[in-house]
Amino acid sequence: MTQQAQPSSPSGYEFNEAQNLTFNVLASRMKFLGVLNLVFAVFIGLFAVLALFSSPLTLVVSGPQVALMVVMGLWMMNASSSFRMIINTKGSDINHLMTAMEALRKLYNLQFWLTIAVLVLFLVGFLLAISLGVFAAAAMNGEVPGT
């Protein structure tokens, strides 16, 4: 059997200069915000440790917040690096774009589910507050709701 010549693999897609400028601005902003998230996470963590002496509940509240800020900051910096690679390399723009998009998908997926959880907790708290208010008002009037 003779081997057939493999066609040379085409070079990857390259974005033009205007598109690269858009990626450059986006990468810069994302890196800044990612680093800022990490800095804020450190400050919140330090304040939580200091406040821990007065209230152990501080760690319960601040711990998850710090963890989320670190994860989100790292994902933003990861996406930023991939967007920067689009500008700095040749032949792999689509691969770098998809890597950046995956990091953004993770970031927004996390924000989506956190938003859903907060909305559900808000709704439950709101309904609980209304029901407690109804019972409290009835108790003040000497009535039992529903009778």
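**Exercise 1. Decide whether Phe15 is buried or exposed, and describe its ring pairing.**

Step 1. Phe15 has a relative accessible area of 14%, so Phe15 is buried; buried means under 20% relative accessible area, exposed over 50% and partly exposed in between, with a 1.4 Å probe and protein chains only. The model is predicted: local features need pLDDT of at least 70, side-chain atom pairs count only at pLDDT 80 or more, and totals for chains, interfaces and linings use all residues. Residues are numbered from 1 along each chain as its sequence is written, and side-chain values use heavy atoms, with hydrogens and water left out.

Step 2. Rings of Phe, Tyr and Trp (its six-membered ring) pair if their centres lie within 6.5 Å; planes under 30 degrees apart count as stacked, over 60 as edge-to-face and the rest as tilted. By this rule there are five aromatic pairs. For Tyr13 and Phe15 the ring centres are 5.1 Å apart and the planes stand at 85°, so this pair is edge-to-face.

Step 3. Tyr13 has 44% relative accessibility and is therefore partly exposed.

**Exercise 2. Classify the pair formed by Phe23 and Phe83, and state which helices hold these residues.**

Step 1. The centre-to-centre distance for Phe23 and Phe83 is 5.6 Å with 20° between the planes, and the pair is stacked.

Step 2. Phe23 belongs to helix α1 and Phe83 to helix α2, so the pair ties together parts 60 residues apart in sequence. Helices (H or I, at least four residues) are DSSP runs, as are strands (E, at least two), numbered from the N terminus.

Step 3. Both Phe23 and Phe83 are buried. Tyr13, Phe15, Phe23 and Phe83 are linked into a cluster by ring pairs.

**Exercise 3. Find which residues of the largest nonpolar core touch the most other members.**

Step 1. A nonpolar core is a set of buried Ala, Val, Leu, Ile, Met, Phe, Trp, Tyr and Cys residues joined through side-chain atoms within 4.5 Å.

Step 2. The largest such core has 14 residues, and Phe23, Ala79, Phe83, Ile86, Leu97 and Leu104 touch the most other members. Two or more core residues come from each of α1 (17-51), α2 (57-88) and α3 (93-141).

Step 3. Leu104 touches Met30, Ala79 and Phe83, with residues up to four places away in sequence not counted. Contact here means heavy atoms within 4.5 Å.

**Exercise 4. Compare the span of α1 with the expected value.**

Step 1. The expected span is 1.5 Å times one less than the number of residues. For the 35 residues of α1 this gives 51 Å; the end C-alpha atoms are 50 Å apart, which agrees.

Step 2. Buried residues of α1 include Asn20, Phe23, Ala27, Met30 and Gly34.

**Exercise 5. List what the side chain of Thr89 reaches.**

Step 1. Thr89 sits in the loop between α2 and α3.

Step 2. Its side chain reaches the backbone oxygen of Met85 at 2.7 Å. The side chains of Thr89 and His96 share a polar contact of 3.2 Å. A polar contact is a pair of N or O atoms within 3.5 Å; within protein, one must be able to donate a hydrogen and the other to accept it, and residues adjacent in sequence count only if both atoms are side-chain atoms.

Step 3. Leaving aside neighbours within four places in sequence, Thr89 is in contact with Glu14 and His96.
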